[in-house]
Amino acid sequence: MITISLNNEPKQILANTLLSDALIQWGFGEIKIAVAINSEFVPRSTYSERKLQDGDQIDIVKPVGGG
């Protein structure tokens, strides 16, 4: 198990978990979101390649519509 920070809350996940799998576990599977890991935005096309590491700080934001 490793510890990551998800929107400033500690979470325990299995080592070598892919970002795409973690997002499904956390309920973000089909929702339009933006993800930053350690303050760097992650392209959606790489979610299924990006392995989460111990100590990663993950920020998830949902776009807000407006005018």
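## Contacts along the chain

Among the contacts in this protein with a separation of 6 or more, 53% join residues that stand 24 or more positions apart, where contact means heavy atoms within 4.5 Å. This is a predicted model, in which local features need pLDDT of at least 70 and side-chain atom pairs count only at pLDDT 80 or more, while totals for chains, interfaces and linings use all residues. Residues are numbered from 1 along each chain as its sequence is written, and side-chain values use heavy atoms, with hydrogens and water left out.

## Fold

The secondary structure consists of one helix and five strands, which follow the pattern β-β-α-β-β-β when read along the sequence. Helices (H or I, at least four residues) and strands (E, at least two) are DSSP runs, numbered from the N terminus.

## Core

The largest nonpolar core has 17 residues, and those with the most contacts inside it are Leu19, Leu23, Trp26, Val35, Leu52, Ile58 and Ile60. At least two residues of this core come from each of strand E1 (2-6), helix H1 (19-25), strand E3 (34-37) and strand E5 (57-61). A nonpolar core is a set of buried Ala, Val, Leu, Ile, Met, Phe, Trp, Tyr and Cys residues joined through side-chain atoms within 4.5 Å; buried means under 20% relative accessible area, exposed over 50%, and partly exposed in between (1.4 Å probe, protein chains only).

Leaving aside residues up to four places away in sequence, Ile58 touches Ile4, Ser5, Leu6, Asn7, Trp26, Val35, Ala36, Ile37 and Leu52. In the protein as a whole, buried residues make up 33% of the 67 residues.

## Extent

Along its principal axes, the C-alpha trace spans about 45 × 25 × 20 Å.
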